[in-house]
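Biologist: I'd like to learn how to read the place where two chains meet. Could you walk me through it?

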Amino acid sequence: MININLLPPELKLRRLAAKRNASLVSYCIVAVIIFAILGVIAKSLESTIKANLTTATSNVAQGMAQLDEDKDLQEMALAINDREKTTQEINLQKVFWSQVLQDLLNSVPQDVQFENFTANSAKTPNFILQGNTTTEREVIKFKEKLENSVFFQNVAFKSSSLTKDQNQEAEKLKFTLEFDLEQKSITGSVSGINQGFKKMKEIK
Amino acid sequence: MTKRKPFLIFIISIILILIIIVFVIWPVVASVWKSWQELKQAQSEQKTVEEKKQIIAGLKTNPRIPEISQIALKYIPKDSESGQLVIELTAIAGSNSLKVEEMSMEKSQEASAKEEETTTASPQTSVNPTATSPPAAAQTKEVDFSMKLSGEFINFMKFLQEIETSSRLISINTIALQSKAPSGTEVAAFDAQIEGAAFSKKEVSLTDTLENIKISNETIEKFLNLKTFGQPINLPTESGFGRSNPFEGY
């Protein structure tokens with residue numbers, strides 16, 4: 001079957017244009033409606049979120065009010081932790097002399113007596129020790145023992161002199177040793193705790 | 001006119017869409033975004049508050065928190081408390097049969113300022129206890145003291161141990177020991193001169209975070225195990241004040 005359009009060409013073109021316009025209008029209306037719907041959805045989303053926000057904010061305010069009742073307890077906890085943290089930081093720099101001196105005592109040979117001993121954590125040499133003993137051998141034994149200790153380093157034999165006590169006939173060897181602190185405590189070290197423990201193992 | 005008609009329809013639609021976007025969608029989206037951010041923040045705050053409540057509830061189960069707080073604030077007090085320091089040091093020495101021959105206190109100074117001085121004064125030192133400035137200890141003040149003691153060495157060792165566990169944080173910087181006995185004798189008497197510092201801190205420098213209000217058992221144990229030596233001065237209960245002639249012997 002053959003369709004023959006007998007409309008005049010002008011009318012035909014007008015109809016086509018009208019059809020095209022109609023479809024364009026419908027597309028535009030659909031687009032506008034879609035955007036309008038999007039606007040409505042956004043509005044409802046906004047009201048939902050605002051309602052949730054109001055609830056959450058009031059919950060926070062309520063919780064804060066409850067926490068305010070225990071503010072003293074919080075301040076106490078904060079003060080305790082602050083002091084603990086400050087202590088830890090100070091202890092990192094602090095020398096635990098009881099441990100250091102105990103290790104020094106453990107290193108002293110039987111025939112060594114101290115006369116003067118100075119320890120200064122901020123000035124090298126950290127230790128100056130003057131004492132007396134029977135022979136140089138004892139001083140060197142003492143020096144070796146200190147060098148093997150985890151607490152001391154740079155042990156230097158400074159001087160020795162033979163003296164005779166007025167009341168005694170036996171001669172005494174006066175000596176001076178200078179050395180530095182290597183580790184400030186069993187837990188805190190100057191040159192590294194691992195190194196300290198390694199050295200401790202070696203001694204054992 | 002018919003040629004322009006589709007163009008006009010298109011333009012009107014675009015204008016309508018733009019009006020909807022500019023006056024409805026854009027402000028709503030902006031408001032939703034802002035509210036969403038606020039909601040997120042509020043929810044996170046709510047979570048923090050809940051966690052904080054739990055921590056506080058945990059703290060409430062320990063009735064010794066006020067006592068521990070007092071101990072901590074005595075360990076590093078807000079003010080220099082040099083009087084209590086004298087009492088503490090003297091009591092530690094006395095409890096170990098050491099005689100305090102001399103004692104002096106110096107004006108408290110900022111720990112950080114002192115650190116700088118020490119660093120510049122002895123740049124070659126191998127052991128510099130104050131080479132780095134720790135943040136929490138930055139607001140700490142030092143109360144310097146020096147003491148001259150006499151007694152026996154074994155008691156001096158106990159004195160050092162007790163200073164390390166005393167109820168006041170004390171750091172000894174220098175020790176000078178001199179034997180009193182003639183060389184070769186068995187008498188162990190000696191003189192000791194020590195210099196050190198106690199610490200004070202005016203403000204709490206930790207921020208109010210969840211981590212900072214949790215108290216570990218280790219911290220509790222540590223503060224509870226500190227030993228107090230000197231009895232603190234309590235003026236309202238101390239008697240024996242008022243003399244008609246203070247130049248008379250007492």
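**Where the chains meet**

Modeller: Sure. In this predicted model, 80 residues of chain B are in contact with 73 residues of chain A.

Biologist: Which elements of chain B supply at least two residues each to the side that touches chain A?

Modeller: There are helices and strands on that list: α1 (4-60), α2 (65-75), α5 (153-164), α6 (210-213) and α7 (217-224), plus β4 (170-179) and β5 (189-201). The largest share, 30 residues, comes from α1(B).

Biologist: And how does that side of chain B divide by class?

Modeller: You get 44 nonpolar, 26 polar and 10 charged residues.

Biologist: How is the size of an interface often given?

Modeller: People often quote the accessible area that is lost when the parts come together. Here, let's stick with contacts and look at the elements.

Biologist: OK, strands then. In which sense do β1 of chain A and β4(B) pair?

Modeller: Antiparallel, over five bridges, with β1 of chain A covering residues 113-120. To pick out one pair, Asn120(A) has Thr174(B) in β4(B) as its bridge partner.

Biologist: Now helices. At what angle do α2 of chain A and α1(B) pack?

Modeller: About 85 degrees, with the axes 11 Å apart; α2 of chain A spans residues 71-93. Angles of 65 to 115 degrees count as roughly perpendicular, so α2(A) and α1(B) are roughly perpendicular to each other.

Biologist: Which residues make that contact?

Modeller: From α2(A), look for Leu73(A), Gln74(A) and Ala77(A); from α1(B), Ile56(B), Leu59(B) and Lys60(B). By class, the contact of α2(A) with α1(B) has four nonpolar residues, one polar and one charged.

Technical notes:
Residues numbered from 1 in each chain as written. Chains lettered and ligands numbered in written order. Predicted model: local features only at pLDDT ≥ 70, side-chain atom pairs only at ≥ 80, totals over all residues. Contact = placed C-beta atoms within 7 Å. Helix = DSSP H or I, 4+ residues; strand = E, 2+ residues; numbered from the N terminus. Nonpolar A, V, L, I, M, F, W, Y, C, P; charged D, E, K, R; others polar. Pairing = 2+ DSSP bridges. Axes fitted to C-alpha atoms, helices over the stretch in contact; angles between N-to-C directions. Parallel < 35°, antiparallel > 145°, perpendicular 65-115°, else oblique.
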